[in-house]
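Biologist: I have a model open and would love some help reading it. Could we go through it together, one question at a time?

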Amino acid sequence: MSEGPATASGPTAPAIEGIKLSRAFGGVQALAGASFSARRGEVHALVGENGAGKSTLIKILGGRLRADAGEVRLAGGTVELDSPDAAHRHGVWTVFQELTLLPWMTVAENLLIRREPRGAFRLIDRARMAKEADAVLAGLGIHNIDPRGLVEDLSLAQQQIVEIVRVIVQDPDILLLDEPTSSLGENEVEWLFGLIRDLSSRNKCIIFTSHRWKEITDVADRITIFRNGGELGTFTEIDENRAVTLMTGQQVDALYPERPALEAARPLLEARALNGPGVSGVSLTLRRGEILGVGGLAGHGHRELFFSLFGAAPTTGGEILVNESKVRISNPHDAIGLGIALVPEDRKTEGLILPMSVGTNLTLAILPQLSALGVIRGGHEGRAALNMVGKLKIRTPGLRNPVHQLSGGNQQKVLLARWLLADSHIVLLYDVTRGVDVATKHEIYELMTSLAREGRAVLFYSSDAEELAHLSHRVLVMREGRIAAELAAPGITAEDIVSAAVREATSIVG
Ligand SMILES: Nc1ncnc2c1ncn2[C@@H]1O[C@H](COP(=O)(O)OP(=O)(O)OP(=O)(O)O)[C@@H](O)[C@H]1O
Ligand SMILES: [Mg+2]
């Protein structure tokens, strides 16, 4: 069922509307006459492929970006939202796709910025501030975030939660959330959806984007589909296949490719009783041609495990074997030398060098190989990179454009492509499909299975249990730094993974 934009004004008018909005960046038309409208009391999802223009729309509605043409209306009246402050004055608050917290300040300072409690001589009363922040967090059901701690010491999920809380405390009338769940685990997503349902029951308007269909159908009242900078329609009911077909313009039959056959191959990577901060006595064996999944709730040691296997986090005991010989991995350089690649979760802080070009970011991992003869062979580098841009359908005007100009999902693809270019036998993928659209997910799954088919070994953590269940030969479920369960295909279900993960577990929210 499709509905046209409403034109009423007054109390029955839509809470927020974008009318024929356009915005270009250089030669890229991010929005091309897109219209959108959302009501009070509704949860409205914006969906579309990476680069479809969702964030651009949200930035315009949130006052962060100006449109080249078109207008924004609130309750039927045209408004000029020329800054986030202007939007705030109208009760419009946004959680942007990128984190905006000040990393060197405390959680409390970030939460209460510009509203700090002041004591004598108008000095900021720090003790009271921490107390207030404590009350705010507890009131929203958040534990395990210390308001006195620095933001830079928080996990990505915790930072995202602070980012959300900072906006919630402003009591927004219209709340825009751009991929709020992309760094949250299952529990935190439930927590956020609780908040969203509460806001909508209080007649607020909530607009959000997500690349996970299940989340969208769980919480959205209506869905607007975007493609190529324009809206294709707003729906109250639409099934996933139809939505995917609209988003991509092509039919996607099977999202998950078949698992490659697994022979009784030799182990490529082994960990024996590995210990370190966050990791307790983890043993695992990863064989040639195997896709070994790792699941569990955020904050239960997956990240530490992956980073220590890559030499990017310390270990205090245990051993690592590559090709059945004991190895020393004290830094990523050692790991890369042993043929290990890591694609990390946080493309902003760990993966990409944002001001550098797409081409350079793509070839960073293979630069040592490319320059083996003491010269960087620009031609070869360019060809290899261009090849990958085609293979992963990375949407970029060219290799020379800075990577920060790409949409979120396309940045993720650059990161993945980098490690596929480097000839690594052991590929550690840490939540690589976060923020990636369905069509690209499908391409990444195909790539993973083809890596395995080529005889490489894939260790793969995902916060999406469906994905783990469908792609892995085996799944290890981590809880409190240990392997709590091992599930083997066929017959792994997402429910098995989640239930093994939550048994007696603690989390940030609850
Ligand atoms: N600051 C910028 N400079 C240059 N190009 C930009 C800029 N911001 C966005 N774009 C381009 O505009 C298009 C739309 O981007 P946008 O971020 O709105 O997509 P999106 O739908 O949010 O995608 P994703 O799902 O990946 O977050 C993309 O092609 C993107 O590369
Ligand atoms: Mg976006």
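Biologist: Let's begin with a single residue. In which helix does A500 lie?

Modeller: Happy to help, and keep in mind that this is a predicted model. The helix to look for spans residues 494-502. A500 falls in that stretch, so the helix is α18.

Biologist: Is A500 buried or exposed?

Modeller: We count the other C-beta atoms within 10 Å, and 20 or more make a residue buried. For A500 the count is 21. Because of that count, A500 is buried.

Biologist: Which residues is A500 in contact with, leaving aside its neighbours within four places in sequence?

Modeller: One partner, A484, is 16 residues apart from A500 along the chain, and their C-alpha atoms are separated by 7.2 Å. Contacts are judged on C-beta atoms instead, with a cut-off of 7 Å. On that basis, the partners of A500 are V477, A484 and A485.

Biologist: Now a loop residue. Is N203, between α6 and β8, buried or exposed?

Modeller: N203 sits in the loop that links α6 (186-201) with β8 (205-209). It has 12 C-beta neighbours inside 10 Å. A residue with 12 or fewer counts as exposed, and therefore N203 is exposed.

Biologist: What separation do the C-alpha atoms of N203 and R40 have?

Modeller: Along the chain, N203 and R40 are 163 residues apart. In space, N203 is in contact with R40 and G41, leaving aside its neighbours within four places in sequence. The C-alpha atoms of N203 and R40 are separated by 5.3 Å.

Biologist: Let's turn to the strands. What is the order of the open sheet with 4 strands?

Modeller: The pairing in this sheet is antiparallel. Its edge strands are β2 and β5 (77-79), each pairing on one side only. β5 is joined to β4 (residues 69-74) by 3 bridges, and R73 has T78 as its bridge partner in β5. Reading across, the order is β2-β1-β4-β5.

Biologist: Which helix lies across β1, β2 and β4?

Modeller: This helix runs at about 120° to β1 (16-25). It also supplies at least two residues of the shell around ligand 1, and its range is 54-61. The helix is α1.

Biologist: Which residues are closest to ligand 1?

Modeller: The shell holds 20 residues. By class, 5 are nonpolar, 12 polar and 3 charged. β2 (28-38), α1 (54-61) and α15 (408-421) each give at least two of the shell residues. The closest are F25, A30, N50, S55 and G409.

Biologist: Elsewhere, how many bridges join β11 to β12?

Modeller: β11 (residues 267-276) and β12 (residues 279-287) run antiparallel, with L274 bridged to V282. Their hairpin has 2 residues between the strands, and G278 takes a positive phi near 85° there. β11 also pairs with β14 (residues 317-322) through 5 bridges, where N275 stands opposite G317. Between β11 and β12, the number of bridges is 6.

Biologist: Last one! Which residues touch the most other members of the largest nonpolar core?

Modeller: Nonpolar side chains tend to be buried together in soluble globular proteins. Here the largest nonpolar core has 140 residues. Leaving aside its neighbours within four places in sequence, I340 has contacts that include L309, F310 and L428. The residues touching the most other members are I340, L428 and V458.

Note on methods:
Residues are numbered from 1 along each chain as its sequence is written. Chains are lettered from A and ligands numbered from 1 in the order in which they are written. This is a predicted model: local features need pLDDT of at least 70, side-chain atom pairs count only at pLDDT 80 or more; totals for chains, interfaces and linings use all residues. A residue is near a molecule or strand if its C-beta atom, placed from the backbone, lies within 6 Å of it. Ala, Val, Leu, Ile, Met, Phe, Trp, Tyr, Cys and Pro count as nonpolar, Asp, Glu, Lys and Arg as charged, and the others, Gly among them, as polar. Two strands pair if DSSP finds at least two bridges between them. Two residues are in contact if their C-beta atoms, placed from the backbone, lie within 7 Å. Axes are lines fitted to C-alpha atoms, for helices over the stretch in contact, and angles run from 0 to 180 degrees between N-to-C directions. A nonpolar core is a set of buried Ala, Val, Leu, Ile, Met, Phe, Trp, Tyr and Cys residues joined through C-beta atoms within 7 Å.
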